[in-house]
Amino acid sequence: MYKVLIADDESIIRRGLKSIIDWKASGFEICAEAANGSEALHFIEENPVDLILMDIKMPKLHGLDALKAAREAGFTGKFIILSGFSDFHYAQTAIPYGIVSYLTKPVDIDALLAALLKAKQELDAEATLHEKNQIYASIAREGILRDLMSGKIASSEIHPATAVELGLDQDIYQVITYEKYSYNLDDVSYNFTDLLRVTNIRDTACDSLLIGTSNVLLLKGKSAIDKFNNVIGHYEKELPPEKNSPLDSIFITCGRTVCDLSGIALSYSDAVTLLEHRFFCDESQHVMTPESAPKPTGSHAYADRESILGEYTDLFVGHIQSFNRNRIAESLTSLRSDLYHAPFSIDEEKNLLIDLYLRIKEKLFSLYPASQIPFIANSEAVHCITHSYYLYEIITFLSEQFDMIMSTIGYASKDSIIDDIVHYIDHNYSENITLEKISPLFGYNSSYLGKIFNKKMNVNFNTYLDQIRIEHSKDLLKNSSLQVYRIAEAVGYRNVDYFHIKFKKYTGSSPAEYRKANRREEG
């Protein structure tokens with residue numbers, strides 16, 4: 001329905017116009033009335049109106065003056081002029097302002113219906129044209145954004161006016177990609193763009209497009225990026241999103257933040273590369289950033305699979321023979337990192353892991369022929385590794401197999417597993433370790449491992465980790481001049497505000513207060 005304003009200084013005329021025809025049947029609804037030109041102009045400026053029936057002679061502001069002022073203010077709707085005078089001079093005066101029709105009072109029903117039909121046809125045509133222009137603009141916008149992502153277009157090739165129109169005049173940008181978190185195609189997945197809009201990001205600050213099968217977002221400006229970080233901020237801490245919540249249904253990768261249009265291609269490349277490396281995610285991980293990707297652990301990169309197979313076969317066989325659960329966990333962590341940085345596809349890496357397991361199995365068979373180690377069938381191992389979505393699932397499988405082997409040849413792993421975990425925490429507290437992340441290294445799921453850890457230590461995993469980190473931070477506060485945010489990073493807290501909260505919880509004072517009270521005198 002198109003909205004209509006009736007402006008006439010005679011109330012009887014306004015009432016008559018409202019009742020003379022069925023407005024809704026003609027495609028219109030009367031949204032307001034005005035008793036003079038000034039009142040009509042004020043309403044036009046403050047409210048959306050499509051058609052105005054305007055009397056020429058009205059008090060305070062002449063109808064034609066109100067019409068002229070409305071056009072100058074940018075009003076693009078339609079006018080039907082009403083007058084009690086038959087002198088066509090008034091119609092001629094109004095013609096330059098784009099009137100639909102000129103009706104004399106008393107208004108003839110057929111003449112009014114004909115004028116409304118004409119107005120509706122013009123409004124329909126303009127709406128169709130506007131919709132087409134919006135489609136063309138959207139296609140043009142997507143084309144520019146795709147070219148920016150791929151690096152096919154330089155920032156200098158985008159006209160400044162076009163850049164402003166597309167919101168590409170900011171001083172910081174970031175590319176985000178997302179997809180369904182679950183591989184179960186029946187699961188509901190929310191549109192992350194809609195979730196961002198809930199946080200009141202303006203449309204001009206966030207563009208969404210589909211490139212191949214990837215949902216891609218371009219965040220434009222510090223405000224948009226800050227709001228995005230607020231939405232996913234709890235992922236950076238120990239608490240995962242609530243089960244079945246919108247954020248629990250999607251997996252997100254983030255490119256680097258860049259300071260000019262030419263850097264958007266780099267940010268996009270980061271995000272896509274991380275999405276391709278989703279295989280390396282931790283259990284329950286929903287977000288991957290360049291900072292959270294596995295870091296190289298060795299002094300050299302592996303250029304061929306035989307180098308990895310040879311070194312890790314010997315490592316794991318040696319650790320199994322020495323019953324060194326801690327070294328097995330550390331080597332599994334190194335293996336994850338080396339595979340992340342190796343120049344292989346995911347399928348190639350799965351085949352490599354199959355070969356690794358089979359080589360370890362073959363070597364142990366020759367070393368312990370009488371032990372009757374209950375290895376699973378090769379076909380079962382191949383199926384388990386091939387059909388795993390994530391590397392942590394394969395690491396869990398390998399860890400369970402190594403535990404089984406050590407138990408068979410004389411190692412009671414369950415009696416000392418918590419001691420091994422404590423040892424691992426004490427030597428890795430500065431890393432972003434979580435129960436979900438380390439549980440595959442020790443061959444258990446995170447829920448069960450959390451229960452036995454709590455039972456043995458009389459404190460839950462996160463609390464123990466916090467206590468270790470806080471103890472080390474206290475030492476650094478007393479014996480170093482590092483800034484507090486550097487100390488937070490050094491003991492494993494990436495968010496300094498979160499570190500402040502934890503420190504005060506366990507010590508009763510802020511880091512600065514603790515340093516002031518406990519700093520050793522120099523000299």
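These are my notebook entries on a sheet, a cavity and one arginine in a predicted model.

**Entry 1, the sheet.** I began with the strand order and found an open sheet of 5 strands, arranged β2-β1-β3-β4-β5 with parallel pairing. Because β2 (28-34) and β5 (99-104) each have a single partner strand, they stand at the edges, and one side of each is left without a neighbour in the sheet. I noted that neighbouring strands are turned against each other by 20° on average, direction ignored.

Next I looked at the helices on this sheet: helix α2 (residues 37-46) packs on it by touching β1 (2-7), β2 and β3 (51-55), and its direction makes about 130° with that of β2. Helix α3 (residues 63-72) lies across β3, β4 and β5, and runs at about 170° to β4.

For the pairing of β4 (residues 78-83) with β5, I recorded 5 bridges between the two parallel strands, and I found Ser 83 opposite Thr 104 in β5.

**Entry 2, the cavity.** I looked up enclosed space and found 1 cavity of 30 Å³ or more, with a volume of about 30 Å³. Its lining consists of Tyr 181, Arg 278, Cys 281, Asp 282, Glu 283, Ser 284, Gln 285, Tyr 390 and Tyr 392, which I sorted into 4 nonpolar, 2 polar and 3 charged residues.

**Entry 3, Arg 515.** Is Arg 515, in helix α21 (residues 511-518), buried or exposed? I have entered Arg 515 as buried, because its relative accessibility is 16% and the cut-off is under 20%. Leaving aside neighbours within four places in sequence, I listed its contacts as Leu 476, Leu 477, Ser 480, Ser 481, Leu 482 and Ile 487.

How values were computed:
Residues numbered from 1 in each chain as written. Predicted model: local features only at pLDDT ≥ 70, side-chain atom pairs only at ≥ 80, totals over all residues. Heavy atoms only, no water. 1 Å grid on protein atoms, 1.4 Å probe; cavity = no way out; pocket = protein on both sides within 12 Å on 5 of 7 lines; lining within 4 Å. Points joined across faces, edges and corners; volume = space filled by probe spheres on them. Nonpolar A, V, L, I, M, F, W, Y, C, P; charged D, E, K, R; others polar. Buried < 20%, exposed > 50% of the residue type's maximum accessible area, 1.4 Å probe, protein only. Contact = heavy atoms within 4.5 Å. Pairing = 2+ DSSP bridges. Helix = DSSP H or I, 4+ residues; strand = E, 2+ residues; numbered from the N terminus. Axes fitted to C-alpha atoms, helices over the stretch in contact; angles between N-to-C directions.
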